[in-house]
Amino acid sequence: MELLVVTGMSGAGKSTALAALADIGFYCVDNIPVLLLPQLVDVLAAEEAPRRIAVGIDAREVGHLGAFASVHLQLVQADHRVEILFLDAPDDVLVRRFAETRRRHPLGELPDAITDERAGLRSLRTRTTATIDTGGLRARELRQMIRDRYSAASVLHLVLTSFGFKTGLPSFADLVFDVRFLANPYDVADLRPRTGLDAEVAAFVLGQTDAAVLLDHLEGLLRFVVPRSVREGRSYLTVALGCTGGQHRSVALTEALAQRLSAGEPLSRPPPQLIIRHRDLPEAAAKEMAHA
């Protein structure tokens, strides 16, 4: 059986993640007592078509978290595949989310409850196999990330995303490249209000000699890294290209890199699923914050 333990800080998005997992076919159970995990797995494993399981565990289970190490070992020794996903966010973000939703933290008053929760989850976090910092993510972005990461574990999801440094690094990126050394279309009055999706803006960016050299290097790097990531068993690899505002250079280069990688020989066997995102384009600004 494939068991995904979804844990982390209250307010970091566990409910959002579990809902996204349910949408892609996981059997989801929230806040199950740790000691009941083996029984749950055994029951579902007996089905004719066993399902993938996702369980939510948080600090409310503090009385049973000490048993997780032995339960985890029991499941692994029974040849079940166990992954632990930890969702986190900076303390100030968690405080703000509780204030905005007017929800009470399950462990009491803020900010002491956050400190207590981090301490209670410390032993569980040491066993984490994947971590997502949702501090800079909106609910829709987190749901999409969960769907991309877990919808088809046998296929590598290669995500190419543009972003602007002025709004911060994407915390979910595996590889980050700074493209601010290229001439900026923002400095051209006619191009400033457009984006890298515009043909004239793309021509301005991609017509630079350094842009072509950069794309050659990036393509070569990914053609080296992707098949090895597949061999490692990874299901998710995010490559982020950043410029100042995430509107022009990074967008044009991300699109051009995607076109290069889609042409010619497949990057790996099986071929990865290529996903293109532009984090800071205007249409992305209306996405809601992750409050779950």
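Is Tyr150 buried or exposed? Select Tyr150 and have a look: this is a predicted model, and in it Tyr150 has 3% relative accessibility, so it counts as buried, the cut-off being under 20%.

Keep Tyr150 on screen and add Phe26. The two rings make an aromatic pair of the edge-to-face kind, with 6.4 Å from centre to centre and 85 degrees between the planes. Those are the two numbers to check in your viewer, because a pair of aromatic rings is described by the distance of the centres and the angle of the planes. Searching the whole structure turns up two aromatic pairs, and Phe26 with Tyr150 is one of them.

Now colour by secondary structure. Phe26 sits in the loop between helix H1 (14-23) and strand S2 (27-30), while Tyr150 belongs to helix H7 (residues 139-150). The pair links distant parts of the chain, 124 residues apart. Phe26 has a relative accessible area of 5%, so it is buried.

Step back one residue to Arg149 and bring up Tyr236. Arg149 lies over the face of Tyr236, 4.6 Å from the ring centre. For another view of this kind, select Arg125 with Phe86: here the arginine is over the ring face at 4.4 Å from the centre.

Next stop, the strands. Show S4 (residues 81-88) beside S5; they pair in the parallel sense over four bridges. To find your place, pick Leu85, whose bridge partner in S5 is Ala130.

Finish on S5 itself, residues 130-133. In a regular strand, side chains alternate between the two faces of the sheet. Here Ala130 and Ile132 make up the covered face, and Thr131 and Asp133 the uncovered one.

How values were computed. Residues are numbered from 1 along each chain as its sequence is written. This is a predicted model: local features need pLDDT of at least 70, side-chain atom pairs count only at pLDDT 80 or more; totals for chains, interfaces and linings use all residues. Side-chain values use heavy atoms; hydrogens and water are left out. Buried means under 20% relative accessible area, exposed over 50%, partly exposed in between (1.4 Å probe, protein chains only). Helices (H or I, at least four residues) and strands (E, at least two) are DSSP runs, numbered from the N terminus. Two strands pair if DSSP finds at least two bridges between them. Rings of Phe, Tyr and Trp (its six-membered ring) pair if their centres lie within 6.5 Å; planes under 30 degrees apart count as stacked, over 60 as edge-to-face and the rest as tilted. A charge sits over a ring if NZ of Lys or CZ of Arg is within 6 Å of the ring centre and within 35 degrees of the ring normal.
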